[in-house]
Amino acid sequence: MNIDFEAALRYIDLGAYDNAVQSLQKAINTENEKNNHGLAIEYRCVLGELYFNLQKGKEAREEFAQVIEYCKKNGTHSKQLIIASRYTDILDGKVKPAADKALAPRTHVPLVPKPMQNKEFISRQMNKKHR
């Protein structure tokens, strides 16, 4: 995996989306220079999703168009083709975002968080007699 792609994922986790976009573009350019076009398409799909989530429809559409074109031309990357097609349909207004279960936000969150295992809890467990 490309170091720039890893950096982009970390930037996304931190909320530094401009840096994430730059890192993804570097990763795409690096893989294209190495003739790893398949991997570059995977990164391009992630970039399209990021643009979509940042509400940059024009940029997202351009990225997804390249993904769809590559996938159909080479007959590979069916997962990226499905993702790009779904997002393109949403951008075209053919599908509502909430209607697509694969793209809907996660709604299940546990009501009771897992208890934290602090030092007291661990010492109580260690002191129990096991028979």
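A disulfide is counted here when two cysteine sulfur atoms lie within 2.5 Å of each other. The exercises below concern a predicted model.

**Exercise 1. Determine how many disulfides the chain contains, and describe the surroundings of C45 and C71.**

Solution.
Step 1. A disulfide is a covalent bond between the sulfur atoms of two cysteines.
Step 2. For C45, the nearest cysteine sulfur is that of C71, at 7.6 Å. The cut-off is 2.5 Å, and C45 is in no disulfide.
Step 3. Viewed from C71, the nearest cysteine sulfur is that of C45, 7.6 Å away, and C71 likewise takes part in no disulfide.
Step 4. The count for the chain is therefore zero disulfides under the 2.5 Å rule.
Step 5. Residues under 20% relative accessible area are called buried. C45 has a relative accessibility of 2% and so counts as buried; C71, with a relative accessible area of 2%, is buried too.

**Exercise 2. Describe the overall make-up of the chain from its helices, strands, contacts and surface.**

Solution.
Step 1. The chain holds six helices and zero strands, and its pattern along the sequence is α-α-α-α-α-α.
Step 2. Of the 131 residues in the chain, 26% are buried.
Step 3. Among contacts with a separation of 6 or more, 38% join residues 24 or more positions apart.
Step 4. The accessible surface of the chain is about 9800 Å², and carbon and sulfur atoms account for 53% of this surface.

**Exercise 3. Compare the span of helix α1 with the expected value, and examine both ends of the helix.**

Solution.
Step 1. Helix α1 covers residues 3–14, which is 12 residues.
Step 2. From its first C-alpha to its last, α1 reaches 17 Å, close to the 16 Å expected at 1.5 Å a residue.
Step 3. At the start of α1, a side-chain oxygen of N2 comes to within 2.7 Å of the backbone nitrogen of D4.
Step 4. After α1 comes G15, which has a positive phi, near 90°.

**Exercise 4. Which residues of α1 are buried, and against which helices do they pack?**

Solution.
Step 1. The buried residues of α1 are D4, F5 and A8.
Step 2. Seen down the axis of α1, these buried residues fall within an arc of 100°, and therefore line one face of the helix.
Step 3. The buried residues of α1 pack against α2 (17–33) and α3 (37–53).
Step 4. Exposed means over 50% relative accessible area; on the other side of α1, I3, D13 and L14 are exposed.

Notes
Residues numbered from 1 in each chain as written. Predicted model: local features only at pLDDT ≥ 70, side-chain atom pairs only at ≥ 80, totals over all residues. Heavy atoms only, no water. Helix = DSSP H or I, 4+ residues; strand = E, 2+ residues; numbered from the N terminus. Expected span 1.5 Å × (residues − 1). Buried < 20%, exposed > 50% of the residue type's maximum accessible area, 1.4 Å probe, protein only. Arc of directions from axis to C-beta. Contact = heavy atoms within 4.5 Å. Polar contact = N/O pair within 3.5 Å; in protein donor to acceptor, adjacent residues only side chain to side chain. Areas by Shrake-Rupley, 256 points an atom, 1.4 Å probe, with all protein chains shown as cover.
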